[in-house]
Structures are given as structure tokens and as C-alpha cells.
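Okay, thanks everyone for coming. I'll keep this short, so grab a coffee and have a look at the screen.

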Amino acid sequence: MVPKIYKFAFLFLLLSKTPVSAEIIWGPTIEKSGGEYLFETGNKYPNLSGIRGGSRISFPRTFPLFGIQGIITKDRWEVSGVFKTTGWHQKSGEARDEDFFLGSISTENTTNIATREWSYRDSATVYAGSRNFADGKGKSTVSENRAEFYGRYYFQSANPNYWADGSGFFLSAGVRYSYFKYLFYDVNQFVESNPVFYGPIGIGLSFSNDLWEFFGGGGYRYSAGDFYLDLSLMPSFGRIKTRDFHVQRSINFFSENYGLGWASKAEIGYKMGPSWLSYLRVNHRRFFSEGRFTSQGGLTSEDIASNLVSGFKSHINIKDYSIEIGVLNKLDWDQKPENSEKVTPKTEE
């Protein structure tokens with residue numbers, strides 16, 4: 001999964017170094033994100049064993065990302081690419097692993113974006129009104145690599161050239177690929193057993209994610225004098241595949257989910273000169289998905305028996321936001337060094 005990121009990075013570097021007649025802009029970026037990631041499964045109605053219940057794993061999305069981006073503009077067109085990474089495993093805050101019972105008054109809200117009813121529910125949690133019979137809390141780290149590519153077409157007097165004045169709407173489409181892995185450790189777990197257990201269990205689990213998202217939408221750009229404002233909103237469709245390995249139980253859960261979401265951006269920039277500018281950007285992202293997961297391995301007879309089941313229902317929902325700062329530089333391909341003109345030597349007669 002990870003090598004795909006480096007293919008994107010190679011393509012990005014190739015584009016940024018290709019001498020074409022279009023304008024080429026590049027620059028570094030730093031991003032600090034926050035939010036939540038939830039994996040949930042469950043059944044409100046009794047299964048074959050007569051149990052109504054489920055489980056929830058939640059990770060915070062609080063970590064920094066570092067990256068580099070490149071933009072190519074020509075006429076009314078703009079193509080951009082960015083590669084971002086945490087660089088190493090970053091601390092992301094307190095994570096949680098819950099197992100719960102569901103009752104007659106429990107609710108199961110599986111549809112966040114209903115296209116036919118034109119309704120939207122922003123909560124990342126699917127099941128409510130549950131009672132935990134096992135609950136683990138601990139620390140988490142995350143490692144993430146991300147590659148994004150977008151295209152835009154501008155209308156009215158809007159201009160893809162950041163240094164040009166003008167305003168107007170634009171259409172946009174793009175794709176984002178991200179691979180990220182959470183580690184859940186230093187876990188203290190409660191189990192409603194006889195007798196009740198509460199204590200440290202060490203490492204809880206690792207959770208690897210392979211996520212593709214496809215975007216389409218538009219926005220508005222206003223640029224005048226030394227400042228510009230850029231706003232966009234893009235609905236999305238995505239697919240996420242995960243591997244959830246529970247260390248204490250020695251069992252893997254593999255899931256594949258599909259879902260809908262959206263991404264928005266508000267950006268304000270300051271033009272520091274004819275070829276340099278800085279910007280502050282606020283990003284919001286939602287992704288709500290449903291699918292199935294299968295199990296492999298395990299130590300107990302229940303875990304081993306679950307390997308024979310064709311699959312279980314799964315929900316993976318992500319709500320995150322980030323604050324990003326960066327600088328951009330417009331390359332001047334026509335700039336020539338002083339005294340670069342060739343001097344034709346005189347020939348003696």
C-alpha cells in the first residue's frame with residue numbers, strides 16, 4: 001500500500017520540473033489537523049447467538065503534516081498536486097476500544113448522507129443508547145502519507161494566477177489517496193466479568209487504512225491588491241480498506257467500505273511580491289462509509305468460529321479539520337543571468 005504514495009510523489013516532482021509555457025508555482029506547507037475517526041460494527045436485533053450488541057474503535061485525528069505542493073496554470077486552467085506526510089509516528093491523543101450491548105431503546109443511524117431524501121447527519125457515531133461491557137482507553141500514534149491532485153477551470157474575471165486581480169467562480173475535480181496507520185498502546189481495560197477486571201494490558205491493536213477519495217465541486221476566488229480569498233466546496237465518493245489487528249486476541253479484521261462525504265476550504269493569502277505569497281487555509285473534511293469486514297485468526301473458539309462467517313457489517317466515519325499555512329513561489333523560466341548574451345569573437349583579416 002505505501003509504495004503507491006511514492007509513485008504520486010515522483011509524478012508530482014516530474015510535473016514541477018517540466019519546462020512548459022504555462023506558469024509553474026511551488027512551495028512548502030505545514031498543516032495541523034484535528035477531529036475523530038470511528039470504526040463501528042453491531043446489530044440492534046439479536047444475531048444467531050441471541051446477542052444484540054457491537055463494538056466501536058475511536059481514534060483522534062490530532063497531528064501535524066508536512067508537505068510540498070506544485071501548481072501549473074495556463075489561460076483559465078489550473079492543475080495542482082500536493083504530497084503530505086507526518087514523517088514518522090506522531091502522537092495523536094487518547095484512543096478508545098469499546099464493546100457494548102444494545103437494547104430496545106437503542107438507535108442505529110447508518111445513513112449520514114441520504115441522497116434521495118436530501119438529508120444530512122453530521123455525527124460520526126452510528127449507535128446510541130448502548131451499555132459497555134468492555135472498555136479500553138489508551139494512547140495512540142499515527143503515521144500518514146497523503147497525495148492529492150486537483151484541476152480547476154475559472155469563469156468571469158477570476159484568474160488562476162494568484163498575483164492577478166479578478167473575481168469569479170470555478171469548477172473543480174480531484175482525487176486524494178492516503179495511507180495511515182494507528183497504534184493503540186498503554187491500554188487500561190475494563191471488562192464486566194466475574195470478577196470484574198480492570199487493569200493495564202499493554203498494546204491493544206494496530207489499525208491500517210488505505211483510502212481513495214474522488215471529489216467534484218466548485219468555489220469562488222476574489223483577488224485584489226495584495227490579498228486574495230479562495231472558497232471551495234466539493235462533495236466526494238470514496239473507498240477505504242482497513243486491517244485491524246488485535247494483539248491480545250491474535251486476530252485480524254479486514255474491512256472494505258464505500259461512502260460519501262465532502263471537503264471544504266477557506267483560504268486567505270497575502271502577496272509579498274511579484275513572485276512570492278503566503279497563505280492561511282482552513283480545511284474541513286467528512287467521510288461516511290458502510291461495508292463489511294471478515295476475521296482471520298484468533299485464540300478463542302468464538303474468534304475461530306467467526307472466520308467461517310462471510311462477513312459482518314462495518315461503518316467507518318471520519319470527521320476532521322485542519323489549519324494550514326504555507327508559501328508559494330512563481331518560477332520565472334525566462335529569467336536570464338546578467339551578461340549572458342553571447343559575444344561573437346572578431347576574426348582577423
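I'll go over the chain as a whole, and then walk through three residues.

First thing to keep in mind: this is a predicted model. Mean pLDDT for the chain is 88, and 88% of the residues get to 70 or more. The stretch I'd ask you to skip over is residues 339–344, where pLDDT stays under 50. The model gives that stretch 0 contacts beyond four places in sequence.

Now the overall picture. We've got 2 helices and 15 strands. The chain has 349 residues, and 45% of them count as buried. If you take the contacts with a separation of 6 or more, 75% of them are between residues 24 or more positions apart. On the outside, the chain exposes about 18,400 Å², with carbon and sulfur atoms supplying 61% of that.

Okay, on to the residues. Let's start with Arg176, which sits in strand β9, residues 166–191. So, is Arg176 buried or exposed? It's an arginine with a relative accessible area of 10%, and because the cut-off for buried is under 20%, Arg176 counts as buried. What is Arg176 in contact with, once you leave aside neighbours within four places in sequence? There's Arg146, Ala147, Glu148 and Tyr150, then Leu211, Trp212, Glu213 and Phe215, and finally Arg285.

Next up is Ser208, over in strand β11, which covers residues 205–224. Ser208 comes out at 7% relative accessibility, so this serine is buried as well. Again leaving out neighbours within four places, Ser208 contacts Tyr179, Phe180 and Lys181, plus Lys241, Thr242 and Arg243.

Hang on to Thr242, as that name comes back with my last residue, Ser255. You'll find Ser255 in strand β13, residues 251–271. With 5% relative accessibility, Ser255 is another buried one. Which residues does Ser255 touch, not counting those up to four places away? They are Phe39, Ile240, Lys241, Thr242, Arg292, Phe293, Ser314 and Ile316. And which side chain makes a polar contact with the side chain of Ser255? That would be Thr242, at 2.3 Å.

One more distance before I stop. Ser255 and His315 are 60 residues apart in sequence, and their C-alphas are 9.4 Å apart in space.

So, to wrap up: Thr242 is on the contact list of Ser208, and it's on the list of Ser255 too. That's me done, over to you for questions.

Key:
Residues are numbered from 1 along each chain as its sequence is written. This is a predicted model: local features need pLDDT of at least 70, side-chain atom pairs count only at pLDDT 80 or more; totals for chains, interfaces and linings use all residues. Side-chain values use heavy atoms; hydrogens and water are left out. pLDDT is the predictor's confidence in each residue, from 0 to 100. Contact means heavy atoms within 4.5 Å. Helices (H or I, at least four residues) and strands (E, at least two) are DSSP runs, numbered from the N terminus. Buried means under 20% relative accessible area, exposed over 50%, partly exposed in between (1.4 Å probe, protein chains only). Accessible areas come from the Shrake-Rupley method with a 1.4 Å probe; for residues, only the protein chains shown count as cover. A polar contact is a pair of N or O atoms within 3.5 Å; within protein, one must be able to donate a hydrogen and the other to accept it, and residues adjacent in sequence count only if both atoms are side-chain atoms.
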